[in-house]
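This report examines a ligand site and a sheet. Please keep the structure in view while reading.

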Amino acid sequence: MTIDIGLIRHSWSLIEPVADQVTKHFYGRLFANYPHIRELFPPAMDLQRDRLFHALAQVVLNLEDGDGVGDYLGQLARDHRKYGVQPEHYPAVGDCLVAAMRYHAGELWRPAYDEAWMTAYKFIAEVMIQAAEQDATQSPPSWVATVVAHEVRTPEIAVITVQPDQPYPYRAGQYATLQSAHWPRVWRPYSIANAPRQDNLLTFHVRMVPGGWVSTALMHHTRPGDSLLLGPPRGSLVLDRASTSHLIFIAGGTGLAPLKALIEESVWVPDRPAIDLFHGVRRSVDAYDNEDLQRLRSDHRRLRIVHAISDDPDQWRRQSAVDALEYHRIVPDGDVFVCGSPDMVRVTANRLLGLGVPLHRIHTEFAPGGAARFAVL
Ligand SMILES: Cc1cc2nc3c(=O)[nH]c(=O)nc-3n(C[C@H](O)[C@H](O)[C@H](O)COP(=O)(O)OP(=O)(O)OC[C@H]3O[C@@H](n4cnc5c(N)ncnc54)[C@H](O)[C@@H]3O)c2cc1C
């Protein structure tokens with residue numbers, strides 16, 4: 001099966017500017033023609049539409065990278081098991097997708113695009129079905145997890161610990177999608193804040209977003225004894241990416257979670273690296289994890305922790321985490337891991353580049369340098 005990448009890219013350039021209409025049209029057609037498929041999707045479709053486009057773009061833009069696309073589709077397939085996706089759903093999706101693209105490209109659509117897309121889609125479907133089948137022999141589609149601790153650390157941040165019903169194999173630095181019983185079929189990613197432990201417990205740091213569906217349910221309507229659903233582990237912000245003996249971790253808010261997991265893991269690494277952790281928060285009351293961080297510090301003598309407060313009128317020195325790095329004259333001569341809001345990550349990565357850190361030494365979940373080019377949301 002040969003995919004005509006040129007035709008795929010050309011047709012993609014026609015529909016990219018109208019992606020929003022294409023995805024709306026696609027879902028409208030899919031649910032009208034195959035109403036039973038609607039049950040697999042969340043009640044509100046906005047984020048889902050973005051995800052579909054994001055996933056398609058990842059595949060189209062990286063078609064030459066056979067292994068990368070294969071891994072990405074494998075992750076996507078494993079993740080989609082939790083939605084109850086079955087092999088018989090794939091042809092329906094392919095037909096509706098091509099029909100939606102053809103409709104919105106109008107007269108510019110050429111018959112050759114149909115064939116190119118159907119060939120590409122057949123390849124995508126085969127890889128995904130195979131990956132899902134293989135995964136089904138090893139893992140459940142999702143894990144039921146019981147909340148064993150729910151600590152309200154600030155009016156906006158809760159630290160939640162759960163016990164999955166079966167072993168949950170993951171790497172320090174990864175994230176899991178969570179579903180609360182309050183919002184069936186709505187999944188959101190949250191980083192796991194601890195390295196894998198003997199007792200199989202997982203901790204999450206959740207910041208409540210005003211009006212946010214899942215974060216509000218987790219903050220205000222979740223108690224010990226409640227059940228949550230966990231999707232399979234995702235992400236590639238793992239310690240293997242580092243090769244230097246000095247590591248710098250820069251966290252914004254709950255972006256601390258995966259970096260804390262990496263610090264925990266690094267305690268067990270032979271020749272453990274020296275670590276500088278910069279944790280940036282807006283106000284001093286937002287520094288929600290100081291006690292635990294101090295405990296971590298006593299296990300890890302080569303760990304230095306610097307807090308940065310960016311927006312508190314009571315503080316005479318206001319700075320972001322990356323400002324603090326410069327202020328303390330820490331030379332960023334090793335691998336740097338950055339985690340926080342997309343804006344914080346972008347700004348920090350640019351500052352680091354300006355300080356002379358090579359792109360391949362800046363590690364984030366979703367981009368700049370050595371990051372995963374493929375991300376499953
Ligand atoms: C890989 C990854 C890891 C993540 N890890 C964590 C984590 O460890 N801890 C954590 O608290 N969150 C984390 N998030 C964010 C989390 O997945 C949710 O997006 C967040 O909790 C909001 O979900 P919600 O359902 O409450 O809000 P939604 O119902 O999705 O959104 C409600 C409204 O709030 C807006 N909104 C959404 N997110 C934000 C935001 N961050 N700031 C301001 N407005 C927003 C939306 O645009 C919308 O208008 C992570 C995200 C990713 C992609």
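## Polar contacts of the ligand

In this predicted model, a polar side-chain atom of Tyr190 is placed 2.7 Å from an oxygen atom of the ligand. Ser191 also approaches an oxygen atom of the ligand, but through its backbone: one of its N or O atoms lies 3.1 Å away. His205 likewise uses a polar backbone atom, which is 2.7 Å from a nitrogen atom of the ligand.

How much of the ligand's accessible area does the protein cover? On its own, the ligand has 930 Å² of accessible area, and the protein covers 62% of this.

## The shell around the ligand

The shell draws two or more residues from each of three elements: strand S4 (188-191), strand S5 (202-207) and helix H8 (213-220). S4 provides the largest share, with 4 residues.

In total, 17 residues surround the ligand, and those that come nearest are Arg188, Pro189, Tyr190, His205 and Ser215. By residue class, the shell consists of 9 nonpolar, 6 polar and 2 charged residues.

## The order of the sheet

A separate topic is the arrangement of strands in a sheet. Five strands form an open sheet in the order S9-S8-S7-S10-S11, and their pairing is parallel. Which strands lie at the edges? They are S9 and strand S11 (362-363), each of which pairs on one side only.

## Strand S9 and its partner

Strand S9 covers residues 303-309. Why is S9 described as largely enclosed by the rest of the structure? The reason is that 5 of its 7 residues are buried, where buried means under 20% relative accessible area.

The partner of S9 is strand S8 (residues 274-281), and the two pair in the parallel sense over 7 bridges. Two residue pairs show how the strands are matched. Leu277 has Ile305 in S9 as its bridge partner, and Phe278 stands opposite Val306 in S9. In a regular strand, side chains alternate between the two faces of the sheet.

## The connection between the two strands

How does the chain pass from S8 to S9? The path leads from S8 through helix H10 (residues 290-299) and then into S9. This β-α-β crossover is right-handed.

Note on methods. Residues are numbered from 1 along each chain as its sequence is written. This is a predicted model: local features need pLDDT of at least 70, side-chain atom pairs count only at pLDDT 80 or more; totals for chains, interfaces and linings use all residues. Side-chain values use heavy atoms; hydrogens and water are left out. A residue is near a molecule or strand if one of its heavy atoms lies within 4 Å of it. A polar contact is a pair of N or O atoms within 3.5 Å; within protein, one must be able to donate a hydrogen and the other to accept it, and residues adjacent in sequence count only if both atoms are side-chain atoms. Accessible areas come from the Shrake-Rupley method with a 1.4 Å probe; for residues, only the protein chains shown count as cover. Ala, Val, Leu, Ile, Met, Phe, Trp, Tyr, Cys and Pro count as nonpolar, Asp, Glu, Lys and Arg as charged, and the others, Gly among them, as polar. Buried means under 20% relative accessible area, exposed over 50%, partly exposed in between (1.4 Å probe, protein chains only). Two strands pair if DSSP finds at least two bridges between them. A crossover is right-handed if, with the strands pointing away from the viewer, the path from the first strand over the helix to the second runs clockwise.
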